[in-house]
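Got the viewer open and a selection box ready? Here is a short walk through the model, one stop at a time.

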Amino acid sequence: MSCRSLLLLLPLLLPAQAPPVFVELAGVPATRHETHSLAAGDLDGDGDVDLVLGNVGFSVIWRNDGAGRFRELVGEGRLVLHAESNAVALQDFDGDGDLDLFSASGGWLGAIHDLLRNDGSARFASTTYDDVPQDYSRTNGMAAGDLDGDGDVDLFLARLNRTTWFQNDGNGTFTNRLDLVPDQQGSAMAVALCDLDGDGDLDAVLGDAIYEPNRLWLNDGRGHFTDETATRLPSDQDATTALLAADFDGDGDVDLLAGNGRLGGEQPKLYHNDGKGHFEDVTAASLPRVRCETLALAAIDVDRDGDLDVVLGCADGADGAANALWLNDGSGKFTVAPEGALPERRERTTCLLPVDLDGDGVPELVVGNGAEGGARTRIWRLAARAR
């Protein structure tokens, strides 16, 4: 997650009211996909927010009618990708004023990344292979941001073997910058991009899923990353599958929440930042004691008290599990929301995306599910609940 994306998660400065709940919206496409990633943006230039679902199989566009109702594009509007998508990003990669699509592949036996250029009306041109490095490595997570300070959008890829970043030349042609990252093998499942040490550039935290320590890489402002894990990030052996960077304790710097448990239920972990990029594990004092397989995290001020609460996307077992909502007391200490706060569904939630879809200033929560054989992506809206 980049610092830009955090703007979508800032607390809603609305009047205090009765605790809200999420309710599921009707009228969204009922098609079933194995969805691994989500992205949002105005694809067709009509002023509202559309959605891209990155799927195993065919990824799809959901076009917004402006009131938060969606239609899945098929036929001419269908996305053509060359491999299953583990992560998608919508950014103006070529500087022409519209949102292009980058899809990072998750194929086990070889992966092809796709760059699709938008003509401004949600029609995407065929992939140009010369514009994208193809080294056939499985990408598990991705984040977008200006990593080298040149004003365009680069990509950071958390991968099965050599994690790296792709440098954009400003026209949507990318170069693999393995030469600018630590020479480390590992299985990074997630990445969070943000300014961790307060020096104005984007640093990276990597979540490792093979019971190796997570990693913290600092950026020198020009895209050269150094491994500062040993002195800045507490060591653990959890299988981290989701990362969320946000100011949970209200002190003005970026803290980290790690969702764990790819191979079984584990405790999520919370790390508070000292403002200079040194993190302390405050899990025991700050988080509910739970064990879950957390594949997705989202921050949103659900009770409208000015701090960031957290939704956990859970995927325990073959049939999935109920997701969870944790409420923040403003100091970064969380409690489990009352029963009934979330729609009662048990699914394998793989991705969460908070975004204002109907233009009312309050974000909805897009819930992507990834069961084999397909599952429905759902949209939840905040609604007041009587005390």
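Which residue stands opposite S105 in β7? Select S85 and you have it: S85 faces S105 across the strand pair. Keep in mind throughout that this is a predicted model.

**Stop 1: β6 and β7**

Now widen the selection to strand β6, residues 85–91, and add β7, residues 100–105. The two run antiparallel and are joined by 6 bridges. Switch on a surface and look for β6: 6 of its 7 residues are buried, so the strand is largely enclosed by the rest of the structure. If you show side chains here, it helps to recall that in a regular strand they alternate between the two faces of the sheet.

**Stop 2: two odd backbone angles**

Most residues other than glycine have a negative phi. Select A122, in the loop between β8 (114–116) and β9 (139–145). A122 is not a glycine, yet its phi is positive, about 70°. With a relative accessible area of 4%, A122 is under the 20% cut-off, so it counts as buried.

Next, jump to R304, in the loop between β21 (294–300) and β22. R304 also isn't a glycine, and its phi is positive at about 60°. Is R304 buried or exposed? It counts as buried, because its relative accessibility is 13%.

**Stop 3: the cysteines**

Colour the cysteines next. How many disulfides does the structure hold? The count is 0. Select C292 and C314 together: C292 is in no disulfide, and its nearest cysteine sulfur, that of C314, is 4.3 Å away. The cut-off for a disulfide is 2.5 Å between the sulfurs. C292 has 9% relative accessibility, so it counts as buried. C194 is buried as well, because its relative accessibility is 2%.

**Stop 4: around V254**

Stay with C194 on screen and add V254, which touches it. V254 sits in the loop between β17 (240–246) and β18 (255–260). Leaving aside residues up to four places away in sequence, V254 also touches D195, L196, A245, A246, N273 and F279. V254 has a relative accessible area of 11%, so it is buried. Try a distance label from V254 to D197: their C-alpha atoms are 8.8 Å apart, although 57 residues separate the two along the chain.

**Stop 5: the second largest pocket**

Time to look at empty space. Select N323, A324, L325, V336 and L342 to centre the view on the second largest pocket; of its 20 lining residues, these are the closest to the centre. The pocket holds about 300 Å³ of space. Which strand gives the most to its lining? That is β23, with 3 residues. Show β22 (309–314) alongside β23 (324–328), since each supplies at least two lining residues. Colour the lining by class and you should get 14 nonpolar, 2 polar and 4 charged residues.

**Stop 6: the cavity**

Last, look for enclosed space. The structure holds 1 cavity of 30 Å³ or more, with about 60 Å³ of space in the largest cavity. To find it, select A321, A322, N323, L342, P343, R345, E347, T349, V367, N369, R378 and W380, which line it. Add β26 (364–369) and β27 (378–384), as each contributes at least two residues to that lining. By class, the lining has 6 nonpolar, 3 polar and 3 charged residues. N323 and L342 belong to this cavity lining, and they are also among the residues closest to the centre of the second largest pocket.

Note on methods:
Residues numbered from 1 in each chain as written. Predicted model: local features only at pLDDT ≥ 70, side-chain atom pairs only at ≥ 80, totals over all residues. Heavy atoms only, no water. 1 Å grid on protein atoms, 1.4 Å probe; cavity = no way out; pocket = protein on both sides within 12 Å on 5 of 7 lines; lining within 4 Å. Points joined across faces, edges and corners; volume = space filled by probe spheres on them. Helix = DSSP H or I, 4+ residues; strand = E, 2+ residues; numbered from the N terminus. Nonpolar A, V, L, I, M, F, W, Y, C, P; charged D, E, K, R; others polar. Buried < 20%, exposed > 50% of the residue type's maximum accessible area, 1.4 Å probe, protein only. Contact = heavy atoms within 4.5 Å. Pairing = 2+ DSSP bridges.
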